[in-house]
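Student: I'd like a close look at just one thing here: the places where oppositely charged side chains meet. Please walk me through them slowly, and show me what surrounds them.

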Amino acid sequence: MSGASLRVDKWLWYARATKSRSLAQKLATSGHVRVNKEKISSASKALKVGDVLTITLERRILVLKVLELGTRRGPYEEARKLYEDMSPPPPPKKDSPPPPPGQREAGSGRPTKRDRRKIDAFRLDD
């Protein structure tokens, strides 16, 4: 089956790169998918084994090499065999400096009664 091919949107759905086929179609038509470094504008672009897809998502870039075309949207273990992930590693997280005194880290919630007393005592010392 060297001449076999499959639509990009269908393959993205089979490989579990998107949650639904309609989302795969939107991704392909919006210009966020490249096949062998060429930007595609149609979800019906034919994929073959050996093609390299570059997908730009909201927070990352996926580079996937097509190993198999697949016949259905199966479980993750089956979908993982359809591609080889050649994505660049994510950038290292920057070590943020500790917050200035009297301020809390983002996402740490409201201060407790004890924390509040410490904050008030700290501010009164000035």
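Tutor: Start at Arg116, which counts as partly exposed because its relative accessibility is 41%, and the label covers what lies between buried (under 20%) and exposed (over 50%). Keep in mind that this is a predicted model. The side chain of Arg116 meets that of Asp120 in a salt bridge, at 3.6 Å from N to O. Both residues sit in helix 4 (residues 113–125), four residues apart, or about one turn of the helix. Why does that spacing suit a pair like this? An α-helix has 3.6 residues a turn, so residues three or four places apart point the same way. Asp120 is partly exposed as well, with a relative accessible area of 32%.

Now for a spot where salt bridges share partners: Arg7, Asp9 and Arg21 are joined that way into one network. The count of salt bridges comes to four. Asp9 takes part in two links here: one to Arg7, at 3.0 Å from N to O, and one to Arg21, at 3.4 Å. That second pair ties together distant parts of the chain, since Arg21 is in helix 2 and Asp9 in helix 1, twelve residues apart. The Asp9 and Arg21 side chains also make a polar contact, again at 3.4 Å.

How accessible are these three? Asp9 is buried, because its relative accessible area is 0%. Arg7 is partly exposed at 32%, and Arg21 is partly exposed at 29%. Asp9 belongs to helix 1 (residues 8–14). Setting aside neighbours within four places in sequence, Asp9 touches Arg21, Ala24, Gln25 and Ala43.

Ala24 is a nice bridge to the next piece of the picture. In helix 2 (residues 21–29), Ala24, Leu27 and Ala28 are buried. They cover an arc of only 95° around the axis, so they end up on the same side of helix 2. And what lies over them? The cover for these buried residues includes helix 1, strand 2 and strand 5 (52–56). Just past helix 2 comes Gly31, with a positive phi near 90°.

Strands 2 and 5 lead us to the sheet. Five strands make up an open, antiparallel sheet in the order 3-2-5-6-7. Its edges are strand 3 (38–39) and strand 7 (83–85), each pairing on one side only. Strand 2 (residues 33–35) and strand 3 pair over two bridges in the antiparallel sense, and Val35 stands opposite Glu38 in strand 3.

One last look at helix 1, this time for its rings. There are two aromatic pairs in the count. Trp11 and Tyr83 form an edge-to-face pair, with centres 6.2 Å apart and 75° between the planes. This pair also links distant parts of the chain: Trp11 is in helix 1 and Tyr83 in strand 7, 72 residues apart. Trp13 and Tyr14 have ring centres 5.9 Å apart and planes at 35°, so that pair is tilted. Trp11 is buried at 0%, and Tyr83 is buried too, with 12%. Trp13 is partly exposed at 26%, whereas Tyr14, at 8%, is buried.

To go back to your charges: Asp9, in helix 1, is the buried residue that meets both Arg7 and Arg21.

Key: Residues are numbered from 1 along each chain as its sequence is written. This is a predicted model: local features need pLDDT of at least 70, side-chain atom pairs count only at pLDDT 80 or more; totals for chains, interfaces and linings use all residues. Side-chain values use heavy atoms; hydrogens and water are left out. Two strands pair if DSSP finds at least two bridges between them. Buried means under 20% relative accessible area, exposed over 50%, partly exposed in between (1.4 Å probe, protein chains only). A polar contact is a pair of N or O atoms within 3.5 Å; within protein, one must be able to donate a hydrogen and the other to accept it, and residues adjacent in sequence count only if both atoms are side-chain atoms. Contact means heavy atoms within 4.5 Å. The arc is that of the directions from the helix axis to the C-beta atoms. Rings of Phe, Tyr and Trp (its six-membered ring) pair if their centres lie within 6.5 Å; planes under 30 degrees apart count as stacked, over 60 as edge-to-face and the rest as tilted.
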